[in-house]
Amino acid sequence: MLEPVAIIDGCRTPFVKAGDAFSHVPAQTLGRIVTSELLARTQVDPHHVDEVVFGNVAQPMDATNIGRVIALQAGLPLSISAQTVSRNCASGLQSIVTAAHLIQSKSAEVVIAGGTESMSNIPLVFPKSMSLFLAKLSRSKTFLKKIKTFTAFRPAMLKPIIALVQGLNDPFCGLSMGQTAQVLANEFGISRNAQDQFALLSHQKALHAAASGRFAHEIVPVFAPQSKKIIDQDIGPRQGQSLEALGKLKPYFDRRHGSVTVGNSCPITDGASALLLMSAQKVKEHNLKPLAWIRGCAFGGLDPKRMGLGPAVAMPLALHKTSKTLNQMDLIEINEAFAAQVLAVLEVCKKPSTAHHVTIPHADTLSEIDPTILNVNGGAVALGHPVGTSGNRIVLTLAKELQLQNKSYGMASICIGGGQGGAIILEKD
């Protein structure tokens, strides 16, 4: 088994619905805020950091290799290298895995691993016909040639392509992420009521976590320039959410026969998260007490049409690698892309043979998940899902909760657009 890697500490911004308070805060700024706060909380000398790794999906046009931009904006020395990783919804988890591999291979000893996404600022894109028109116009040097070029203009050229919507459609199976959730709801017979109940519980748990101060351990307040307010809580969980209100929402991804709605799906969200990872040797040298140790991780693939079952594929791979079983986990985080998707994963964990269209490796490591240990502080249905960040956030929440509850083992897992799943196992120090 490879050497375990320590998670020293971590923090995140509040998660805010796209178009709301963070609409004027770019992804690199969100990443810079959590990186700076992480260095301040841990009091680690920036010169001791060997690498910065950030997950991100919608790379900003003005911040290519956003990991490097974040590192420099956070004041890290110019000599420290940085990289950006992308694995769709698991990009924030991939940053942790990449950082851990750097440490395990002795390529680094101290690494910042984060995820950031501003879904508010994913741009509109004009059709190819418009770009060709503009290119031809720029080559038209005389007035008469410009007039001639203008005669080829058509209003349809101005019809924008919404990059966010395009990015949430799978190029292989042709389905949107919401449609893949509806596939699982149909195949597993998951009722509308079960999905709405799951969504309601997510909101209730998230609100309770905020009220009890649990999220205060991980959230760093952010100044929102547009409203000139300090945002110190997630904007997503709804006070007074009810089954009645959820039941009034119409199916969104199959409007005639569907059961997946915007209410039992994750909202589109802005936010960032970061963790400080360190080798065992460095932990010993600095006499630190980590939040948790990374004991194992795994990624697995499956049919993109059923991408929501990714955790059911990845979790047993991680468990097998670490000689553990699911019933040994004290706490479990499964990212709530859709209520139907998580409920389908729970069905497969309980009875792997129900996954008729997906091969479940090492199915003997799985077992029924006790609902009282699952997403104890709510999940993405309430908090939101900034796609490049969520995989990092669930690991941060899990590590903090293991400490708060004085539990030993935890599992964090996420489904990944394109037909993958990722999972990581933590052990409290």
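**Reading cysteines and a cavity**

Q: How far is the sulfur of cysteine 297 from the closest cysteine sulfur?
A: It lies 18 Å from the sulfur of cysteine 415, which is too far for a bond. In general, a disulfide is a covalent bond joining the sulfur atoms of two cysteines; the cut-off here is a pair of cysteine sulfur atoms within 2.5 Å.

Q: What kind of model am I looking at?
A: This is a predicted model, where local features need pLDDT of at least 70, side-chain atom pairs count only at pLDDT 80 or more, and totals for chains, interfaces and linings use all residues. Residues are numbered from 1 along each chain as its sequence is written, and side-chain values use heavy atoms, leaving out hydrogens and water.

Q: How many disulfides does the structure hold?
A: Zero. For cysteine 415, the closest cysteine sulfur belongs to cysteine 89, at 5.9 Å, so this pair is too far for a bond.

Q: Is cysteine 415 buried or exposed?
A: Buried means under 20% relative accessible area, exposed over 50%, and partly exposed in between, using a 1.4 Å probe and protein chains only. Cysteine 415 has 1% relative accessibility, so it counts as buried. Cysteine 297, at 15%, counts as buried too.

Q: Which residues line the largest cavity?
A: Rolling a probe the size of a water molecule over the atoms reveals where empty space remains. A cavity is a set of points, on a 1 Å grid over the protein atoms alone, where a 1.4 Å probe fits but cannot get out; lining residues have an atom within 4 Å of a point. Here the lining consists of Leu331, Ile332, Glu333, Ile373, Asn375, Val376, Thr397, Leu398 and Glu401.

Notes. 1 Å grid on protein atoms, 1.4 Å probe; cavity = no way out; pocket = protein on both sides within 12 Å on 5 of 7 lines; lining within 4 Å.
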